[in-house]
Amino acid sequence: MIAIGNFFFRFRNVLFIFLYLLLFIPSPMLFTPETFGEKYYLLPIILGLLVTFSGELIRGITIGLAYIIRGGKDKKVYAEKLVTEGIFRHCRNPLYVGNILMLLGVGILSNSLLYVAVVMPLFLFIYQAIVLAEENFLRNKFGAQFDSYCARVNRWLINFSGIGATFNGMRFNYKRWLLKEYNTLFVWMTGIVAILLFKYPQLVPDEENRVKTFVIIVLLLGAVYGYIKYLKKSGRMTDAVA
């Protein structure tokens with residue numbers, strides 16, 4: 001599993017986008033009108049949005065409080081220090097938990113039985129392998145310090161005990177959240193808009209208006225994306241805490 005994890009670690013950034021594209025593969029419906037009635041589509045929309053937005057909320061809070069460098073080194077697992085503050089006090093892999101919820105949520109939103117039943121278990125297997133590879137590196141580098149951390153903090157389940165004290169004792173860095181997440185947010189939001197408009201024509205029945213709405217929203221998202229990228233490149237926005 002560690003060897004598999006090291007392999008997928010090299011491609012984990014493109015993995016998210018690849019799995020996102022699988023949302024648009026034709027699939028049997030998770031929620032059907034025969035089972036849930038004429039307004040069946042409200043269930044995947046409401047439930048899917050709740051799950052996927054909770055995933056980004058977890059990612060955003062994690063990054064804003066205590067960011068962990070995920071880039072590795074030479075496409076290999078690497079860490080300068082063991083990050084245990086912020087949300088990492090309550091879960092060892094909160095960013096990955098956020099990713100899982102984001103993808104599960106859009107899978108539900110797309111009403112795809114194939115995605116939820118086949119793609120998500122594959123994704124969970126890959127992430128488990130990546131985490132085992134990361135833990136192997138951290139244990140070899142930090143030894144007893146990492147073992148102690150593992151003994152008190154869950155690998156996947158977030159322990160909300162004492163989370164209020166964590167928030168009170170740290171400052172949320174929204175600039176870091178924007179600068180680290182704007183690529184992910186743009187792809188994620190564009191995908192959500194595409195699913196809502198083209199998977200559910202009930203929301204905008206007229207096809208011409210549907211296309212126009214999609215184009216307008218994507219242009220707005222693109223403008224925000226471009227502005228944040230400009231601020232980052234020009235140095236007008238940094239993630240340094242004042």
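A nonpolar core, as the term is used here, is a set of buried Ala, Val, Leu, Ile, Met, Phe, Trp, Tyr and Cys residues joined through side-chain atoms within 4.5 Å. With that in hand, here are the close-ups, all taken from a predicted model.

**View 1. The largest nonpolar core and its best-connected members.** This core holds 31 residues, and those that touch the most other members are Leu-19, Leu-103, Val-106, Tyr-115 and Phe-123. At least two core residues come from each of helix H2 (12-21), helix H5 (94-109), helix H6 (113-142) and helix H9 (174-199). The biggest contribution is that of H6, which gives eight residues. Because domain 1 (1-172) and domain 2 (173-241) both supply residues, the core lies between them.

**View 2. A nonpolar patch on the surface.** Here Met-1, Ile-4, Leu-122 and Phe-125 together make a nonpolar surface patch of about 340 Å². Look for Ile-4 in helix H1, which runs over residues 2-9. Its relative accessible area is 33%, so Ile-4 counts as partly exposed, a class that sits between the buried limit of 20% and the exposed limit of 50%.

**View 3. Stretches annotated as transmembrane.** An unreviewed UniProt entry places the annotation "transmembrane region" on residues 41-69, 112-133, 182-199 and 211-228. Two of these stretches deserve a closer look. In the model, residues 112-133 are 95% helix and 0% strand, with 31 Å between the end C-alpha atoms. For residues 182-199 the figures are 100% helix and 0% strand, and the end C-alpha atoms lie 25 Å apart.

How values were computed: Residues are numbered from 1 along each chain as its sequence is written. This is a predicted model: local features need pLDDT of at least 70, side-chain atom pairs count only at pLDDT 80 or more; totals for chains, interfaces and linings use all residues. Side-chain values use heavy atoms; hydrogens and water are left out. Patches are made of residues with over 30% relative accessible area and no salt bridge: like charges are joined within 9 Å, nonpolar side chains (Val, Leu, Ile, Met, Phe, Trp, Tyr) within 5 Å. Accessible areas come from the Shrake-Rupley method with a 1.4 Å probe; for residues, only the protein chains shown count as cover. A salt bridge is a side-chain nitrogen of Lys or Arg within 4 Å of a carboxyl oxygen of Asp or Glu. Helices (H or I, at least four residues) and strands (E, at least two) are DSSP runs, numbered from the N terminus. Buried means under 20% relative accessible area, exposed over 50%, partly exposed in between (1.4 Å probe, protein chains only). UniProt positions are given in the numbering used here, feature names are shortened, and annotations may be inferred rather than shown by experiment. Domain bounds come from an automatic or database domain assignment.
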